[in-house]
Amino acid sequence: MSRRWWAFGAAGVTVAAGLGVRSWTGGDFAKYAGDALYTVLVCAVVVMVAPRLRPAVVAGVALGFSWAVELLQIAGIPVVLQPLLGATFNAPDLFWYVVGAVLGWFLARRGRRTRVRISD
């Protein structure tokens, strides 16, 4: 199985996990779990776009993107993008993006090692 397909599957599982967390829990747990899962999803997208990147680079790019979006909220995100990117800066989110990047790094490592061999 190619790394892109593995990342596509990981993205689907991540979205399902995010929807599940929002549906079955609430409060701070759901919010911060969503922050971490957002960064995991960004990791999966990075792997889909650039499957040859090392897992540490994938996690770094995803973390940088997540932090950039959070910091842009200070200046103001355009209203049309607020449902996707958020509107309010929250400093603890920065920590949970790190948690998501570490999880994304771990998953990217696993995806890099996963190879399906077809024998005749």
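**Exercise 1. Work out how Lys31 and Asp35 sit relative to each other in helix H2 of this predicted model, and which contact joins their side chains.**

Step 1. Start with the spacing: Lys31 and Asp35 are four residues apart in helix H2, so about one helical turn separates them.

Step 2. Now check the side chains. Those of Lys31 and Asp35 meet in a salt bridge, with 3.3 Å from N to O. Side chains of opposite charge can pair when their charged atoms come close.

Step 3. Is each partner buried or partly exposed? Buried means under 20% relative accessible area. Lys31 has 26% relative accessibility, so Lys31 counts as partly exposed. Asp35 comes in at 10%, so Asp35 is buried.

**Exercise 2. Find the salt bridge that Asp93 forms, and say which parts of the chain the pair links.**

Step 1. Asp93 pairs with Lys31, and their closest N and O atoms are 2.7 Å apart.

Step 2. Asp93 belongs to helix H5 and Lys31 to helix H2; with their positions 62 residues apart, the pair links distant parts of the chain.

Step 3. Asp93 has a relative accessible area of 3%, so Asp93 goes down as buried.

Step 4. Put the pieces together: Lys31, Asp35 and Asp93 make one network through salt bridges that share partners. A search of the whole structure turns up two salt bridges.

**Exercise 3. Describe the largest pocket: its volume, its lining and the helices behind that lining.**

Step 1. The largest pocket holds about 520 Å³ of space. Its lining has 25 residues, and Arg22, Gly34, Asp35, Tyr38 and Leu84 are the closest to its centre.

Step 2. Trace the lining back to the helices. H1 (3–24), H2 (27–49), H3 (55–75), H4 (82–85) and H5 (92–113) each supply at least two residues. H2 has the largest share, with seven residues.

Step 3. Sort the pocket lining by class: twelve nonpolar, eight polar and five charged residues.

**Exercise 4. Do the same for the largest cavity.**

Step 1. The whole structure has one cavity of 30 Å³ or more. The largest cavity has a volume of about 110 Å³.

Step 2. Its lining consists of 14 residues, with Trp6, Ala44, Val47, Leu107 and Ala108 nearest the centre. H1, H2 and H5 are the elements that give two or more residues to this lining, and H1 gives the most, five.

Step 3. By class, the cavity lining has ten nonpolar, three polar and one charged residues.

Key
Residues numbered from 1 in each chain as written. Predicted model: local features only at pLDDT ≥ 70, side-chain atom pairs only at ≥ 80, totals over all residues. Heavy atoms only, no water. 1 Å grid on protein atoms, 1.4 Å probe; cavity = no way out; pocket = protein on both sides within 12 Å on 5 of 7 lines; lining within 4 Å. Points joined across faces, edges and corners; volume = space filled by probe spheres on them. Nonpolar A, V, L, I, M, F, W, Y, C, P; charged D, E, K, R; others polar. Salt bridge = Lys/Arg side-chain N within 4 Å of Asp/Glu carboxyl O. Buried < 20%, exposed > 50% of the residue type's maximum accessible area, 1.4 Å probe, protein only.
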